[in-house]
Amino acid sequence: MHQRDELDRAIEAAAREMARASHAVALVGAGLSAESGIPTFRGGEGLWTKLGEPTFDGWELFNEDPAAWWQRAIDFKEEFADFNRAIDEARPNPGHLAMADLEAMGRLAHVITQNIDNLHQRAGSRHITEIHGNRYLVRCMSCGSRDRLESVRLDRLPPLCPECGGFMKNDTVMFGEPIPEDALRECYRQTALCDLFLVVGTSAVVYPAAEFPVMACRRGVPLIEINPEETPLSGLAEVVIRASAGESLPAIVERLKAGTSRS
Ligand SMILES: [Zn+2]
């Protein structure tokens with residue numbers, strides 16, 4: 001089959017690039033989480049389509065009155081119960097597991113993820129930067145230190161940072177909220193270090209994520225795109241894999257294990 005041949009060739013080419021690279025970095029988006037059954041926000045079955053768009057002034061509200069913001073988050077927990085359950089019950093998919101394999105094989109140095117679901121950690125990846133935070137954590141708005149959400153006492157709102165006494169907020173980045181400084185710094189560092197850049201399951205049109213592959217590309221770093229859909233980055237990519245991450249990443253791992261030196 002013609003299309004199958006094309007996919008095989010792209011996977012072969014991606015494996016060759018990965019074998020050659022000494023510091024590959026991957027940027028991951030919602031497409032990978034969707035393969036684990038985590039609902040997306042937009043589209044027919046999207047969470048926002050069903051519940052309405054979230055308020056775009058969440059960050060402002062938090063800053064105005066952190067205690068009231070926490071109280072609202074606790075009150076509205078039920079409304080998001082379906083979404084929360086979907087994340088809690090989600091399992092890392094073959095794409096997540098293959099990325100952890102690639103890291104263990106020394107072929108993938110770092111994962112920059114836009115997902116908040118903790119699935120990379122659960123799959124076994126260790127070098128991860130979460131630009132939009134992690135839904136199981138809280139973060140201090142003053143010193144940036146993080147803690148487990150479940151270990152935070154909510155008898156007094158807002159909860160205070162045990163390190164510095166600052167206000168704690170859930171780690172998930174809200175609309176209008178700046179990307180946490182430490183995460184952003186690490187993203188730029190990885191983008192400057194990389195000699196291969198993978199874009200997995202994201203159209204990468206949202207700042208700042210959109211910037212990283214373009215910056216790498218400008219330095220002459222080859223881009224591999226893994227996405228069933230065409231994206232604005234497709235034209236820049238050296239290798240385009242038009243398939244799901246769950247199908248293509250394990251195939252790349254297999255190829256690398258079989259050895260690509262002969263080609
Ligand atoms: Zn603090």
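In the predicted model, Ala204 is buried, with a relative accessible area of 8%, and its place is in the loop between strand 7 and helix 10. The phi of Ala204 is near 45°, a positive value in a residue other than glycine. A positive value also occurs at Asn118, where phi is near 75°. Asn118 is found in the loop between strand 2 (110-113) and helix 8 (119-123), and at 16% relative accessibility Asn118 likewise counts as buried, because the limit for that class is under 20% relative accessible area. Most residues other than glycine have a negative phi, and most peptide bonds are trans.

With regard to the peptide bonds, a cis bond joins Tyr207 and Pro208, with omega at about 0°. Pro208 is found in the loop between strand 7 (196-200) and helix 10 (211-218), the loop that also holds Ala204. A second cis peptide bond joins Leu157 and Pro158, here with omega at about -10°, and Pro158 is located in the loop between strand 5 and strand 6.

Strand 7 belongs to an open sheet of 6 strands, which has the order 3-2-1-7-8-9 and parallel pairing. Strand 3 (128-130) and strand 9 (239-241) stand at the edges of this sheet, and each has a single partner strand, so that one side of each is left without a neighbour in the sheet. On average, neighbouring strands of this sheet are turned by 15° against each other, direction ignored. At the edge formed by strand 3, 3 bridges join this strand to strand 2, and the two run parallel; within this pairing, Thr113 has Glu130 in strand 3 as its bridge partner. Helix 10 lies across strand 1 (24-28), strand 2, strand 7 and strand 8 (223-226), and runs at about 150° to strand 7.

A further open sheet is formed by 3 strands in the order 5-4-6, and its pairing is antiparallel. Strand 5 (146-148) and strand 6 stand at the edges, each with a single partner strand, so one side of each lacks a neighbour in the sheet. Neighbouring strands of this sheet are turned by 35° against each other on average, again with direction ignored. Strand 4 and strand 5, which run antiparallel, are joined by 3 bridges, and Arg139 stands opposite Arg146 in strand 5.

Helix 5 lies across strand 4 and strand 6 of this antiparallel sheet, running at about 35° to strand 6. In helix 5 (residues 66-75), Pro66, Trp69 and Trp70 are buried; these residues cover an arc of only 95° around the axis, which puts them on the same side of the helix. An α-helix has 3.6 residues a turn, so residues three or four places apart point the same way. The buried residues of helix 5 pack against strand 4 (137-140) and strand 6 (168-170), and also against helix 4 (58-64).

The zinc ion is coordinated by the SG atoms of Cys140, Cys143, Cys161 and Cys164, at 2.3 to 2.4 Å. Along the chain, the donors of the zinc ion follow the spacing C-x2-C-x17-C-x2-C. The angles among the 4 donor atoms are 100 to 116°, and the site is tetrahedral, because four donors count as such if all angles lie between 85 and 135 degrees. Two of the donor residues fall into separate classes of accessibility: Cys161 is buried, with a relative accessible area of 5%, whereas Cys164 counts as partly exposed at 43% relative accessibility.

Lastly, Pro94 is found in helix 7 (residues 94-104) and is partly exposed, with a relative accessible area of 44%. Pro94 and Glu247 are 153 residues apart in sequence, and their C-alpha atoms are 7.4 Å apart in space. When residues up to four places away in sequence are not counted, Pro94 touches Gly246 and Pro250.

Definitions and conventions. Residues numbered from 1 in each chain as written. Predicted model: local features only at pLDDT ≥ 70, side-chain atom pairs only at ≥ 80, totals over all residues. Heavy atoms only, no water. Donors = N, O, S within 2.8 Å, 3.2 Å for Na, K, Ca; no water. Tetrahedral: all angles 85-135°; square planar, octahedral: opposite > 155°, others 65-115°. Buried < 20%, exposed > 50% of the residue type's maximum accessible area, 1.4 Å probe, protein only. Helix = DSSP H or I, 4+ residues; strand = E, 2+ residues; numbered from the N terminus. Arc of directions from axis to C-beta. Contact = heavy atoms within 4.5 Å. Pairing = 2+ DSSP bridges. Axes fitted to C-alpha atoms, helices over the stretch in contact; angles between N-to-C directions.
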